[in-house]
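Biologist: Could you pick one part of this model for a close look, and then show me how it connects with the rest? I'd be glad of the cut-offs along the way.

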Amino acid sequence: LGLVVVDEQHRFGVEQRDALRARGTRVPHTLVMTATPIPRSVAMTVFGDLETSVLGDRPAGRQDTVTHLVPAGNAAWIERVWTRVREEVDRGGRAYVVCPRIDGDSEEEPEEAPLDAFEPEATGDDAAAGASSRPPLAAVAEVAPALRARPDLAGVGIGVMHGRLGAEEKDAAMARFASGQAPVLVATTVIEVGVDVPEATAMVVLDAQHFGISQLHQLRGRVGRGSEASICLLVSAAEDGTVAHERLAALAATTDGFELAEKDLELRREGDVLGAAQSGGRNSLRLLRVVRDAAVIAEAREAAAEVVAADPDLARHPELAEAIADVLDPERERFLERG
């Protein structure tokens with residue numbers, strides 16, 4: 001094995017990616033690709049453990065996708081969402097409507113719920129009060145018939161797509177959507193990657209506060225793949241001042257994947273470059289913060305490179321060698337190579 005290429009890097013864990021690299025008898029070259037770098041990878045680029053190439057230009061002919069936040073509690077705005085969907089359909093476009101759940105069963109876990117999506121959990125009485133007052137998350141099985149019953153969507157074919165459908169059912173649903181027979185597709189995140197319908201010009205994400213930055217950016221990437229301008233509407237119950245609202249505001253402000261990755265890094269923390277955690281507070285760094293201290297890290301990296309170039313075995317720097325040995329046991333050292 002000489003080369004490993006991992007597409008959609010954020011869909012895989014550190015150990016999964018390493019399992020591929022371990023198949024060779026020598027360490028292979030590795031290329032990881034993603035529109036939404038995970039916090040740990042952004043951290044590793046700062047530390048110099050990953051070289052970065054940025055493809056910053058859109059394919060020729062593609063237009064911007066404008067993103068708006070829609071407050072879930074504002075009835076007039078919600079009405080406008082569905083009117084806007086009808087306008088896109090009438091001019092030949094297609095619209096995705098994304099829901100966190102397949103059906104309304106309260107015991108069902110949301111399909112492929114991202115670990116970074118939620119606010120810190122409340123405890124005790126606060127948690128009980130929050131659970132009782134929180135409305136149920138939107139479900140495909142409920143949203144699809146509700147849309148079919150709307151007068152402003154009369155005559156519009158509405159299909160469904162989720163993980164419980166068989167392969168033939170999924171293919172048939174996508175074919176109806178792509179052909180315009182059912183130009184509105186109510187789906188879960190199964191459409192997040194690998195779906196390319198150039199006529200899709202509208203994306204509505206219900207309960208958008210449930211999803212993380214990476215997932216929302218990927219979902220938004222399902223529209224704007226043709227020559228027509230596109231729109232993404234994030235319907236959210238998140239209140240101003242919360243982390244969830246800050247996350248959604250970042251999505252609305254930019255379509256730059258690396259800028260969003262840096263925001264994700266700021267909100268979720270960098271994970272552990274010496275471990276498998278791809279985001280979160282668990283970290284080997286006691287004092288450094290990757291975003292705040294990027295200049296210090298870059299300076300240290302240059303100094304370290306000079307030392308190693310002149311003294312690869314650190315024979316002339318025994319205290320440094322001892323300090324590294326104390327901090328970096330063989331297992332943790334291997335994580336530096338896992339990407």
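**Helix 8, the core and the sheet**

Modeller: Happily! In helix 8, the residues that are buried (under 20% relative accessible area with a 1.4 Å probe, protein chains only; over 50% is exposed and in between is partly exposed) are A244, R247, L248, A250 and L251. Because they span an arc of only 150° around the axis, taken from the directions to the C-beta atoms, they sit on the same side of helix 8. Helices here are DSSP runs of H or I with at least four residues, strands are E runs of at least two, and both are numbered from the N terminus.

A word on the ground rules: this is a predicted model, in which local features need pLDDT of at least 70 and side-chain atom pairs count only at pLDDT 80 or more, while totals for chains, interfaces and linings use all residues. Numbering starts from 1 along each chain as its sequence is written, and side-chain values use heavy atoms, leaving out hydrogens and water.

Now to the interior. The largest nonpolar core (buried Ala, Val, Leu, Ile, Met, Phe, Trp, Tyr and Cys joined through side-chain atoms within 4.5 Å) has 26 residues, and Y96 and L234 are among those with the most contacts inside it. Helix 8 (243-253) is one of the elements that supply at least two residues each, as are strand 4 (94-98) and helix 6 (167-179). Apart from this core lies another, of 24 residues, including V81, L153, I158 and I231.

Y96 deserves a pause. Beyond its neighbours within four places in sequence, its contacts (heavy atoms within 4.5 Å) include F177, L185, I191, M203 and R222. A search of the whole structure finds one aromatic pair. Y96 and F177 form it, with 4.7 Å centre to centre and 45° between the planes, so it counts as tilted (ring centres within 6.5 Å; under 30 degrees is stacked, over 60 edge-to-face, the rest tilted). Y96 belongs to strand 4 and F177 to helix 6, 81 residues apart, and both are buried.

Strand 4 also belongs to an open, parallel sheet of six strands in the order 3-8-7-4-6-5, where pairing takes at least two DSSP bridges. Strand 3 (65-71) and strand 5 (158-161) are at the edges with a single partner each, so each has one side without a neighbour in the sheet. The twist averages 20° from one strand to the next. Four bridges join strand 5 to strand 6, and M161 stands opposite A187 in strand 6.

Conventions. Rings of Phe, Tyr and Trp (its six-membered ring) pair if their centres lie within 6.5 Å; planes under 30 degrees apart count as stacked, over 60 as edge-to-face and the rest as tilted. Axes are lines fitted to C-alpha atoms, for helices over the stretch in contact, and angles run from 0 to 180 degrees between N-to-C directions.
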